[in-house]
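Student: I would like to learn how to read the contacts between parts of a protein model. Could you take me through one case, feature by feature?

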Amino acid sequence: MAKEDDERKPKSAPWTEFFWNPRTHEVMGRTASSWGLIILFYLVFYTFLAGMFVLTMYVMLCTIDEYKPTYQDRLAIPGLMIRPKGELMEIIYNIEDTESWDKYIQKLDNFLAPYNDSVQAQKNDVCTPDSFFYQEDSGEVRNNPKRSCQFNRTMLGSCSGLGSESDVRTYGYGTGQPCIFIKLNRVIGMLPGKGQAPYVSCGPKNQDTDKIGELEYFPTNGSYNFMYYPFYGIRAQVNYSQPLVAVKFTNITYNTDVNVECKIISDTITEYSERDKFAGRVSFRLRINKNI
Amino acid sequence: MGYGRSDSYRVATTQDKDGKGSPKKKGERDMDELKKEVAVTEHKMSVEECCRKHNTDIVQGLTNAKAAEFLLRDGPNALTPPPTTPEWVKFCRNLFGGFSLLLWLGAMLCFVAYIIQAITEDEPAGDNLYLGIVLSVVVIITGCFSYFQEAKSSKIMESFKNMVPQQALVIREGEKMQIDAVEVVAGDLVEIKGGDRIPADLRVVSAHGCKVDNSSLTGESEPQSRSPDCTSDNPLETKNIVFFSTNCVEGTARGIVIFTGDRTVMGRIATLASGLDTGKTPIAKEIEHFIHIITGVAVFLGLSFFILSIILGYSWLEAVIFLIGIIVANVPEGLLATVTVCLTLTAKRMAKKNCLVKNLEAVETLGSTSTICSDKTGTLTQNRMTVAHMWFDNQIHEADTTEDQSGASFDKSSATWIALARIAALCNRAVFKAGQDQFPILKRDVAGDASESALLKCIELCCGSVRAMRDRNKKVAEIPFNSTNKYQLSIHDTEDPNDNRYLLVMKGAPERILDRCSTILLQGKEQPMDEELKEAFQSAYMELGGLGERVLGFCHLLMPEDQYPKGFAFDCDDVNFTTDNMCFVGLMSMIDPPRAAVPDAVGKCRSAGIKVIMVTGDHPITAKAIAKGVGIISEGNETVEDIAARLNIPVSQVNPRDAKACVIHGTDLKDMAGDHIDDILRNHTEIVFARTSPQQKLIIVEGCQRGGAIVAVTGDGVNDSPALKKADIGVAMGISGSDVSKQAADMILLDDNFASIVTGVEEGRLIFDNLKKSIAYTLTSNIPEITPFLFFICASIPLPLGTITILCIDLGTDMVPAISLAYETAESDIMKRQPRNPARDKLVNERLISIAYGQIGMIQALGGFFAYFVILAENGFLPSMLIGTRLSWDDRTVNDLEDSYGQQWTYEQRKIVEYTCHTAFFVSIVVVQWADLIVCKTRRNSVFQQGMRNKILIFGLFEETALAAFLSYTPGMDVALRMYPLKPSWWFCAFPYSLLIFVYDEIRKLILRRNPGGWVEKETYY
């Protein structure tokens, strides 16, 4: 009886026995063969599961079109976005402090490099303006690769960053008349307007009416020409150049926060989402400091 | 009373001093408490001494002033109610117990995160504040829920609290006055009469035919007479003490109050009972064990991923948010509520079957019970003396003792029987109380003592109206029973109006009756009593006595007309007629018969691996007879004494191991050491403890518990209450049970029927199995809840499942299905297997975790992830681009995030897709939980064997689906819970995985059934 009692009371044994029990040769309550079996089982089981998962994923991916996503309903209103983006949609710099705006210049230089006329001429076609540039597939036969229209950097005028004058080369940042580039998010197959080309209109947000000063838009009217639409996806339309609109703040009030909101004005994009502050519009803060 | 065997009954009543001598390490205080019990000395004092001790006067009583003084000194004459936990403590326990602490931690972290955000950011996202509030609300609601459930079941008890008698008749300053019993003080002179409840412990100073029912204190069902004489050293046995809270059955008595309130014998037992710590119920231990496992996993995962995310370069704030997510995902928020509901449902079901459960957790305890210590009187027996056997015509006849008169009958045509019946009916002072004609005879109330009632009912059943018989045989004279004569006789007119003789009928202790007889009636003919017949009488008497029955002898005499002519003046005080040379008619023996359902119930308990031990205050012979009758000592099993008698050798030569059964006398128990008791409990399967005191019942229970058993104790008396309290589950009797026993018990049998315990065992075992299933079901969905977070952190993919959706699963869709598993029927005959071993069979074991987390949960997670990838891919984000996108994906200022097709997305647009993914992941979990629910219905059987008859479960399937659809499609949910409508096709993403779960588990169970004890069973049978 006493022996049995001893057998029954390994609970009082040191807890280290849980990790290695010298009597039964158990590691964490299992012998080597027991561990081997259970690990083997889980190995096989998980391999099988992984296989099943890969299979279902493969089947799913087979149903996905290469050129156009299955659903686009969440992209009904394309977003607007600015360049340079700045931190937290804020563009803050000091005119005197070159370093404070040099980073914007560099970003813009990089951003606009693909729009250089030479690059555009090499890759893209000249299209007929003011009409949509349809390149539909004929049935099963893909009409690929699709061509894209040229968007030349020179179209951006004094915001092109091309030229000898430091004012133009610094996109106006050095002189306190910064250019902000606004792009309309790419959505496959979207036609952003019907009769009239959509254009960007910027204005003051909140009570900043008098601080914003005058604005200049490039290209003229600040519009996105129809010929850049529809977009067929980067796979079909490898060299697609997203049209840009540049806004130049010519006499913005210095040393103060200016809240700006830019909207796309179009006859198809009529309503803006209450929750999404970036659908069809974009707002940002501009603050240019100048030592007096 | 003292007929026949009652003599030996008395002798055996030299009750021990409550195991005073046995030095028990456990509970010194308990011993002290009980030792005080024998501190009563008043019974040995003379009345005068007693008066002196209590400063009172035997005629005048106390003065009012003194009474007031004593009242101030001793306090009111009432039992201190057992200490109750204050309500707010109970509430807090519910609010902060279990997983709540972990969830509070999560909520606190949310608030901290929000405060940090509020300080550092201009426009802090309200997500964390929102989540913190939601978590707090969840904790508070589940806390309140379990609190109210608990409160509801404890309310049942309030009806039982009225314990102290309301009024008492005291004599103070020579005047009789009715006062509230609580104002009675020591030294008061109290008068009691039949029907009263005794207001305090009294030393009787005078009595007139007073009888008290001490059954609630000692377990003896027979009313005891009371007189001013000290008849025993033991205060419990002596005739001159009456006890608080017992009942005076008949007669009147006057006594001096010697103890009041908690100092009474009853009060001490009650205090002893309430002072015992009971420990946790088995299910509470199991749930605690399970909470430890889950909390361990949650803390381990949370901390390791917290550290990992810091190492991976996430900010502290992000790491904290991840920690919250992991905690929320790990904790099955709804599970404890589910368990509570399951237990409540079972408790309700049991209440319908007459098992009232006071403490919700006790529902399961009966299922784990491995030993039942049952009281005899009133639990196993009907607590009603009934004629069991008759001996006439030199033959033992069996009477019907069943409650519904379905038993065997005997030959009633014999003339001897008619004579016997006539004596039993005439020499009998018991009468039916008026106005009960509509009730069956056995249910009618009788005025009179138990044996006479038994005879009355027996005769009424066999021979029709006793009243009519008595009317036909007018009583002329009568000598009532007294303990010196040990007989009772009465003289009647004969039935035949032309016969002018008188009929003398007599009953009493058989040997005394036989002494007075010279002839015996056989087949209606008087024959002279010879030695052979005397021998036959002796053997019949021994046989019936050996059955534990109380035997009465009956004789009669037709008085010669010449000596006793019509109109003879019989003088009963100075007997002027013959009481010798009578004609012996027969014997009748009575017993408190076992309840009809008990033998069956004991058998069921036995086949369910439960050891049934009888623990009674009654005499060993009676106890053994009943034990044999109900199968506690089964047929063919012998005690040491039986073996000795069979082999005709001294008891000491019998190897105790040969005897499976044993009957142990309380006086022997007193001298036993703990080891010896353990030895007995271990080596005998069928044990009867007789003549036990309350303290010994406690020792027996403790002995069983030392052996690792989970012990149920049934009992109705106050003497049972310490054992009831100490037991893992105390079962009190609802009808006959005393208030103290009900208070100490965890469960009350409303119909006083032992058979209801079997129901309790069955329900308890079923709920344990079903809770396993329910927990397996609920825990499984933890894996698809945790893995999204882990992948979110490690692979930097957009979050597949949010915390709010996790709460929707845990507290929404999973609830009804999990509860519905409580309605699942048993897979096999649960009453045919052994009780679970609490050390080995855990509610949640590593096999359950392995199945739920390692296997089914993983399949579920894959189902959810598949839906997630489908939605993202169909919206343009192919899986290949997702890894590493988290940083820009969650950046509010990136509003032109490019997808795999070159389309650009604003933050809000892609977040809607992400939340749609959360919704789809959620719906997928619901879909895979369908299969899991069906799979969890059974642990061994195929669902095709088990069937789908559980309607609640089917309802649960529809309910969770409907709820998921509601959450997804209701307008406004996008704002409230950030859940978005799904395209119909997305509902089907998880279908293959759902099917896989079903097929996988069916195959697993098939292998499990095919190879009992094989590897699959060892590793996966939970």
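Tutor: We will go from domains to the chain interface, and then to local features.

Tutor: Keep in mind throughout that this is a predicted model.

Student: Into which domains is chain B divided?

Tutor: A domain can be built from several stretches of sequence, and the assignment for chain B shows this: domain 1 takes 54-66 + 164-272, domain 2 takes 281-335 + 762-828 + 840-1020, domain 3 takes 355-381 + 596-750, and domain 4 takes 389-589.

Student: How far apart are the C-alpha centres of domain 2 and domain 3 of chain B, and how many residues of each are in contact?

Tutor: The C-alpha centres of these two domains of chain B are 48 Å apart, while 8 residues of domain 2 of chain B are in contact with 11 residues of domain 3 of chain B. Putting domain 2 and domain 3 of chain B together buries about 830 Å², and carbon and sulfur atoms give 62% of that area. On the side of domain 2 of chain B, 56% of the area buried against domain 3 of chain B is supplied by T281(B), P282(B) and R765(B), more than by any other three residues.

Student: Which kinds of polar interaction should I look for there?

Tutor: Salt bridges and polar contacts are counted separately, and the two counts are best read together. Between domain 2 and domain 3 of chain B there are 0 salt bridges, yet 3 residue pairs are in polar contact, both residues of each having pLDDT 80 or more.

Student: Which elements give two or more residues to the side of domain 2 of chain B that touches domain 3 of chain B?

Tutor: Those elements are α10 (282-311) and α27 (755-780) of chain B, and the largest share, 4 residues, comes from α27(B). By residue class, this side of domain 2 of chain B divides into 5 nonpolar, 2 polar and 1 charged.

Student: How would I read the interface of chain B and chain A in the same manner?

Tutor: Begin again with contacts and area: 49 residues of chain B are in contact with 50 residues of chain A, and the two chains bury about 4,200 Å² between them, with 59% of it on carbon and sulfur atoms.

Student: How many salt bridges are there between chain B and chain A?

Tutor: The count is 6 salt bridges, one of which joins R186(A) to E898(B), where the closest N and O atoms are 2.6 Å apart. Across the interface of chain B and chain A, 24 residue pairs are in polar contact, both residues of each having pLDDT 80 or more. Several elements of chain B supply at least two residues each to the side that touches chain A, among them α34 (907-936) and α38 (991-1010), but α31(B) gives the most, with 12 residues. The side of chain B that touches chain A divides into 23 nonpolar, 15 polar and 11 charged residues.

Student: How many aromatic pairs does the structure hold over all chains, and what does an individual pair look like?

Tutor: There are 49 over all chains. For an individual pair, read the distance and the angle together: Y93(A) and Y104(A) are edge-to-face, at 6.4 Å centre to centre with 65° between the planes. Y93(A) lies in strand β2 (residues 90-94) of chain A and Y104(A) in helix α4 (residues 98-112) of chain A, so the pair ties together parts that are 11 residues apart in sequence.

Student: Where in the backbone of chain A should I look at torsion angles?

Tutor: Look at omega for cis peptide bonds, and at the sign of phi. A cis peptide bond joins R83(A) and P84(A), with omega about -5°, and P84(A) is found in the loop between β1 (80-83) and β2 of chain A. M89(A) lies in the loop between β1 and β2 of chain A, and its phi is near 55°, a positive value in a residue other than glycine. A cis peptide bond also joins Y229(A) and P230(A), with omega about -5°, and P230(A) is in the loop between β5 (215-218) and β6 (244-249) of chain A.

Definitions and conventions: Residues numbered from 1 in each chain as written. Chains lettered and ligands numbered in written order. Predicted model: local features only at pLDDT ≥ 70, side-chain atom pairs only at ≥ 80, totals over all residues. Heavy atoms only, no water. Domains from an automatic or database assignment. Contact = heavy atoms within 4.5 Å. Buried area = accessible area lost by both parts, 1.4 Å probe. Salt bridge = Lys/Arg side-chain N within 4 Å of Asp/Glu carboxyl O. Polar contact = N/O pair within 3.5 Å; in protein donor to acceptor, adjacent residues only side chain to side chain. Nonpolar A, V, L, I, M, F, W, Y, C, P; charged D, E, K, R; others polar. Phe/Tyr/Trp six-rings, centres within 6.5 Å; stacked < 30°, edge-to-face > 60°.
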